[in-house]
Amino acid sequence: HHPAFSFTNVTVTQDQEDDGIWVATLNRASKRNALDAATIEELIELFSKAPRLGAKAIVLAAAGDHFCAGLDLIEHHDEDRSPADFMHVCLRWHEAFNKMEYGGVPVIAALHGAVVGGGLELASSAHVRVADESTYFALPEGQRGLFTGGGATIRVADLVGKSRMIDMMLTGRVYQGQEAMDVGLMQYLVSGSSFDKAMELARRAAANLPLSNFAICSAVSHMQNMSALDAAYCEAVIAGVVNTQPDARARLDAFAKKTAARVRPND
Ligand code: 1HE
């Protein structure tokens, strides 16, 4: 367990060998990792503190056969929430997922089984998604008499386009395998373990300088919310800071001395 957190629904561990790589695991497998209010609060704390506690990359994983079944429908049923109550629930989801997307620490989601409803909202807030052969995506909100409330209208529409998202919600369409790759739901599809691949990618990302990763995992998202004119200005300012960081000198020296790895095509 990570000493900084005393959670019940999310287990945070730090790999011994992988300095700075954290693994956050949803651990309500008996409820298919449905997101109740308590889990959302843990995610807020995790993604608020991780950047300041030196996390270099976070692999977001899940126990059991499914990544995440979305909103805890039993809690929602039992609470019989008012419109204002549920608005505030959604604002907490946004707090968690915005901290994740804009926090500056790379988050790699290791997916398997169902990634549905709010589970897809969670996954779409990660910077990189890795799926295995068991992974499937859906937005069952329409069938349940609900609507998305955790950012799908922004992030899922961004991944697959609004027409596909609307189709998923209207008809319950399920995407999996290569088709899910083709529409943009994930960047990696592996025949083996999505967790192992996510760890490999996390190690690669963690080898970058933290300030570069901070820019990559916050600036690109912020810039999507800006006019092109303001985004270009912002990009110049960020590049001014990042591209002159003292820690980059050694990497530039290595390139100049021809000792740095070259970019090569895949075999
Ligand atoms: C749950 C939930 C849940 C399972 N909330 N308890 N999300 C959905 O509409 C998806 C609902 N879930 C499912 O379709 C299926 O459960 C799964 C495909 C994810 C998994 O199926 P399966 O056959 O492995 O499990 P199961 O038998 O359906 O469920 C096992 C237990 O998990 C059972 O509890 P038990 O106490 O009877 O053992 C289920 O009740 C429980 N469980 N999913 C609560 N979602 C901010 S707005 C976001 C809006 C949404 O996310 S809407 C989409 C909600």
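This briefing describes strands, aromatic rings, a helix pair and two individual residues in the structure above. The model is a predicted one, and every value below is computed from it. Three strands form an open sheet in the order β5-β7-β8 with mixed pairing, and a search of the whole structure finds three aromatic pairs. Helices α1 and α3 pack with their axes 8 Å apart, and α3 also carries both members of one of the ring pairs, tryptophan 93 and phenylalanine 97.

**The open sheet β5-β7-β8**

- The three strands of this open sheet follow the order β5-β7-β8, and the pairing among them is mixed. Because β5 (114-116) and β8 (175-176) each have a single partner strand, they stand at the edges, and one side of each is left without a neighbour in the sheet.
- The pairing of β5 with strand β7, which covers residues 136-138, is parallel and runs over three bridges. Within this part of the sheet, alanine 114 stands opposite tyrosine 136 of β7.

**Strands β3, β4, β6 and β9**

- Strand β3 (residues 57-62) runs parallel to β4 and is joined to it by three bridges; valine 59 is the residue that stands opposite isoleucine 108 of β4.
- On strand β4 (residues 107-110), Val107 and Ala109 point one way while Ile108 and Ala110 point the other way, and all of them are buried.
- Strand β4 also pairs with strand β6 (residues 128-131), again in the parallel sense and over three bridges, and here alanine 110 has valine 130 of β6 as its bridge partner.
- Strand β6 is covered on both faces, with Val128 and Val130 on one side and Arg129 and Ala131 on the other, all of them buried.
- A further parallel pairing, over two bridges, links β6 to strand β9 (residues 188-189). Valine 130, the bridge partner of alanine 110, has tyrosine 188 as its bridge partner in β9.

**Aromatic pairs**

- The whole-structure search finds three aromatic pairs. One of them joins phenylalanine 5 and phenylalanine 7, whose rings lie 5.0 Å centre to centre with 35 degrees between the planes, a tilted arrangement.
- Phenylalanine 5 counts as buried because its relative accessibility is 7%, under the 20% cut-off, and phenylalanine 7 is likewise buried, with a relative accessible area of 11%.
- Tryptophan 93 and phenylalanine 97 form an edge-to-face pair, because their ring centres are 5.7 Å apart and their planes stand at 65 degrees, over the 60 degrees required.
- These two residues both lie in helix α3 (residues 83-102), where they are four residues apart, about one turn of the helix. Tryptophan 93 is buried at 5% relative accessibility, and phenylalanine 97 is buried at 0%.
- Ring pairs also link Phe5, Phe7 and Trp22 into a cluster.

**Packing of helices α1 and α3**

- Helix α1 (residues 37-49) packs against α3 at an angle of about 30 degrees, and their axes are 8 Å apart. Angles under 35 degrees count as roughly parallel, and α1 and α3 are therefore roughly parallel to each other.
- The crossing of α1 and α3 is left-handed. From α1 the contact is made by Ile40, Glu41, Leu43, Ile44, Phe47 and Ser48, and from α3 by Arg92, Trp93, Glu95, Ala96, Phe97, Lys99 and Met100; the edge-to-face partners Trp93 and Phe97 are thus among the α3 residues that make the contact.

**Two individual residues**

- Arginine 155 lies in helix α6 (residues 152-160) and counts as buried, at 8% relative accessibility. Apart from neighbours within four places in sequence, arginine 155 is in contact with Phe97, Asn98, Glu101, Tyr102, Ser124, Ser125 and Gly150.
- Glycine 172 sits in the loop between α7 (162-171) and β8, and with a relative accessible area of 17% glycine 172 is buried. Leaving aside neighbours within four places in sequence, glycine 172 is in contact with Gln143 and Asp167.
- Glycine 172 and phenylalanine 195 are 23 residues apart along the chain, and their C-alpha atoms are separated by 27 Å.

Note on methods
Residues are numbered from 1 along each chain as its sequence is written. This is a predicted model: local features need pLDDT of at least 70, side-chain atom pairs count only at pLDDT 80 or more; totals for chains, interfaces and linings use all residues. Side-chain values use heavy atoms; hydrogens and water are left out. Two strands pair if DSSP finds at least two bridges between them. Rings of Phe, Tyr and Trp (its six-membered ring) pair if their centres lie within 6.5 Å; planes under 30 degrees apart count as stacked, over 60 as edge-to-face and the rest as tilted. Buried means under 20% relative accessible area, exposed over 50%, partly exposed in between (1.4 Å probe, protein chains only). Axes are lines fitted to C-alpha atoms, for helices over the stretch in contact, and angles run from 0 to 180 degrees between N-to-C directions. Angles under 35 degrees count as roughly parallel, over 145 as roughly antiparallel, 65 to 115 as roughly perpendicular and the rest as oblique. A crossing is left-handed if the near helix is turned anticlockwise from the far one by less than a right angle, and right-handed if clockwise. Contact means heavy atoms within 4.5 Å.
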